[in-house]
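Colleague: I am new to this structure and would like to learn how to read it. Where should I begin?

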Amino acid sequence: MSSGAYWLGALVRSEAGHDTGRIYLVIGYDLNEYTQRLYLVDGKYRKYLEPKAKNPKQLTFLEQVLDDRGFQDLLEEDLESGARDREVRRLIKSYKKENA
């Protein structure tokens, strides 16, 4: 993986750890020569203000659900109302329904 920007707005599934099988939305990244971390939210257990940091090697890419504009729209949602977390839950639920 050369660019973390490729992962932004993507749905991923955890393949290792206590959260194996859980689906997350990628909202950030920190990829340098010493660390590789993607920041993940699911809107329920991992809220937007407290993302989970996870090594990309422990994740499977599922689907790109937000393009650049959609991702910017998500960032502009009202932080206090929980709109970001609701939108993340909606995206994950929609993916699960389509791929059931």
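**Reading the sheet and the pocket**

Modeller: Begin with a single bridge: L40 has K52 as its bridge partner in strand 4. Keep in mind that this is a predicted model.

Colleague: In which sense do strand 3 and strand 4 pair, and over how many bridges?

Modeller: Strand 3 and strand 4, the latter spanning residues 52-54, pair in the antiparallel sense, and three bridges hold that pairing. L40 is also the partner of V26, for which it is the bridge residue in strand 3.

Colleague: Over how many bridges do strand 2 and strand 3 pair?

Modeller: Six bridges, again in the antiparallel sense, link strand 2 (residues 23-31) with strand 3 (residues 36-41). One more pair to find is L31, whose bridge partner in strand 3 is Q36. The connection from strand 2 to strand 3 is a hairpin of four residues.

Colleague: How many bridges join strand 1 to strand 2?

Modeller: Three, and strand 1 and strand 2 run antiparallel. For L11, the bridge partner in strand 2 is L25.

Colleague: What order do the strands of the sheet have?

Modeller: The sheet is open, has five strands in the order 4-3-2-1-5, and is paired antiparallel. Strand 4 and strand 5 (59-64) are its edge strands, each pairing on one side only. On average, neighbouring strands of this sheet are turned by 45° against each other, with direction ignored.

Colleague: Which strands does helix 2 lie across?

Modeller: Helix 2 lies across strand 1 (10-14), strand 2, strand 3 and strand 5, and runs at about 120° to strand 2.

Colleague: Now the empty space. How much space lies in the largest pocket?

Modeller: The general idea is that rolling a probe the size of a water molecule over the atoms shows where empty space is left. Here the largest pocket holds about 180 Å³. Its lining consists of G21, R22, I23, D42, K44, Y45, R89, I92, K93 and K96. Helix 2 (residues 83-98) gives the largest share of that lining, four residues. By class, the lining has six charged residues, three nonpolar and one polar.

Colleague: Where is confidence lowest, and where is it highest?

Modeller: As a general rule, predicted coordinates should not be read in detail where pLDDT is low. In this protein, helix 1 (residues 68-75) has the lowest confidence, with a mean of 78, and strand 4 has the highest, at 95. Over the protein the mean pLDDT is 87, with 93% of residues reaching 70 or more.

How values were computed
Residues are numbered from 1 along each chain as its sequence is written. This is a predicted model: local features need pLDDT of at least 70, side-chain atom pairs count only at pLDDT 80 or more; totals for chains, interfaces and linings use all residues. Side-chain values use heavy atoms; hydrogens and water are left out. Two strands pair if DSSP finds at least two bridges between them. Helices (H or I, at least four residues) and strands (E, at least two) are DSSP runs, numbered from the N terminus. On a 1 Å grid over the protein atoms alone, a cavity is a set of points where a 1.4 Å probe fits but cannot get out, and a pocket is an open set with protein on both sides within 12 Å along at least five of seven lines; lining residues have an atom within 4 Å of a point. Grid points are joined across faces, edges and corners, and a volume is the space filled by probe spheres set on the points. Ala, Val, Leu, Ile, Met, Phe, Trp, Tyr, Cys and Pro count as nonpolar, Asp, Glu, Lys and Arg as charged, and the others, Gly among them, as polar. Axes are lines fitted to C-alpha atoms, for helices over the stretch in contact, and angles run from 0 to 180 degrees between N-to-C directions. Contact means heavy atoms within 4.5 Å. pLDDT is the predictor's confidence in each residue, from 0 to 100.
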